[in-house]
Amino acid sequence: RRVPEDLATLFSNTEPLKLKGYLKWDVFCEAVQKIVSNPLLPADGKGVLVALRPAPGLRVEQALTLCRPHRMGDIATIADKRLMIFLSFCRVNDLDIALNHIFPLPTGDIFSNRVIWFEDKQIAAELVNMQDVKPERWTKPLPVTTQPGKIINATHDGRHWRRYPEPHRLSADTGEQSS
Ligand code: C2E
Ligand code: C2E
């Protein structure tokens, strides 16, 4: 039996809202295209497309490792020194809340520039620009290093990140016995 070569493409054609996380540039464009051209979804309320340029010294594939969407329909891609995110159904006024859910650090610390598109026409126009980006300029994500159960020493209350202080003993006396 033959297995489709690009399952991701197949899925993006049928169920783009069931995708989540990183997609290859062309698959991402196709998925967003499907969403914005779906007449069953609310006009100018399909979501927000965001372009983020990493701060100097940070490569876009490194920034991608910090991008961890939780909600189905929240997808991302990288090319041309830009990280593109599409947040399905997110309202433009809620963009910062959503980005705070997705990144473990304030986005102002990771990115130096951001551009957003949220009306159907704007998103469609930007998609045309995105589709012009040649595959040579698509950026490969860093290899996934599986770190099961990696703990971030912070919690997010929906608006802000709060780090926990870690107790450290100042005494270097190794002979001491703990009680
Ligand atoms: P989902 O939409 O795919 O979201 C997966 C997880 O992302 C959620 O798990 C939650 O941890 C986080 N998340 C997504 N959107 C938001 C948000 O607007 N605010 C916050 N604070 N966190 C968010 P969770 O909570 O266990 O929900 C599991 C699934 O249950 C969700 O999957 C969604 O399908 C459904 N769900 C839960 N609460 C709601 C809700 O208030 N409205 C809707 N429409 N669906 C909900
Ligand atoms: P919304 O989707 O209308 O959700 C309103 C509130 O319902 C959320 O406020 C959250 O308290 C709750 N809620 C919705 N979905 C979930 C869920 O899956 N799990 C849980 N635990 N709670 C949920 P919140 O968190 O302040 O978010 C406000 C708005 O920000 C959301 O409105 C949405 O437009 C946007 N947003 C927040 N997080 C995400 C996200 O991860 N992805 C996207 N696409 N949008 C988000």
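An open sheet of five strands runs through this predicted model, and its strands follow the order β1-β3-β4-β2-β5 with mixed pairing. The edge positions belong to β1 (21-22) and β5 (111-117); each has a single partner strand, so one side of each is left without a neighbour in the sheet. Two ligands also feature here: ligand 1 is surrounded by His70, Arg71, Met72 and His101, while the residues around ligand 2 include Arg71, Arg91, Asp94 and His101.

**The sheet**

- Strands of a sheet pair through backbone hydrogen bonds, and the pairing can be parallel or antiparallel.
- For β2 and β4 the sense is antiparallel, and the pairing extends over six bridges.
- If you would like a spot to look at, find Gly47, which stands opposite Ser88 in β4. Ser88 also belongs to the residues around ligand 2.

**Ligand 1**

- Which residues surround ligand 1? They are His70, Arg71, Met72 and His101. By class, this shell has one nonpolar, two polar and one charged residues.
- Arg71 places a polar side-chain atom 2.8 Å from an oxygen atom of ligand 1.
- Met72 takes part through its backbone, with an N or O atom 2.9 Å from an oxygen atom of ligand 1.
- His101 has a side-chain N or O atom 3.5 Å from a nitrogen atom of ligand 1.
- Taken alone, ligand 1 exposes 780 Å², of which the protein buries 24%.

**Ligand 2**

- The shell around ligand 2 is made up of Arg71, Asp74, Leu87, Ser88, Cys90, Arg91, Asp94, Ile97, Ala98, His101 and Arg159. These residues divide into four nonpolar, two polar and five charged.
- Three side chains have a polar atom close to an oxygen atom of ligand 2: Arg71 at 3.0 Å, Arg91 at 2.7 Å and Asp94 at 3.1 Å.
- How much of ligand 2 does the protein bury? Ligand 2 taken alone exposes 780 Å², and the protein buries 51% of that.
- Two elements, β4 and α4, give two or more residues to the shell around ligand 2. The largest share, three residues, comes from α4.
- Arg71 and His101 are worth finding in both places: they are among the residues around ligand 1, and they also appear around ligand 2.

**Asn100 in helix α4**

- Asn100 sits in helix α4 (residues 95-102).
- Is Asn100 buried or exposed? Asn100 counts as buried because its relative accessibility is 18%, below the 20% cut-off.
- Leaving aside residues up to four places away in sequence, Asn100 touches His156, Arg159 and Trp161. Of these partners, Arg159 also belongs to the shell around ligand 2.

**Two loop residues with positive phi**

- Most residues other than glycine have a negative phi. The two residues below have positive values.
- Asp44 has a phi near 55 degrees, a positive value in a residue other than glycine. Asp44 lies in the loop between α2 (25-36) and β2 (47-54), and a relative accessible area of 45% makes Asp44 partly exposed.
- Phe89 is not a glycine either, yet its phi is positive at about 65 degrees. Phe89 is found in the loop between β4 (82-88) and α4, and with 36% relative accessibility Phe89 counts as partly exposed.

Notes. Residues numbered from 1 in each chain as written. Chains lettered and ligands numbered in written order. Predicted model: local features only at pLDDT ≥ 70, side-chain atom pairs only at ≥ 80, totals over all residues. Heavy atoms only, no water. Helix = DSSP H or I, 4+ residues; strand = E, 2+ residues; numbered from the N terminus. Buried < 20%, exposed > 50% of the residue type's maximum accessible area, 1.4 Å probe, protein only. Contact = heavy atoms within 4.5 Å. Near = heavy atom within 4 Å. Polar contact = N/O pair within 3.5 Å; in protein donor to acceptor, adjacent residues only side chain to side chain. Areas by Shrake-Rupley, 256 points an atom, 1.4 Å probe, with all protein chains shown as cover. Nonpolar A, V, L, I, M, F, W, Y, C, P; charged D, E, K, R; others polar. Pairing = 2+ DSSP bridges.
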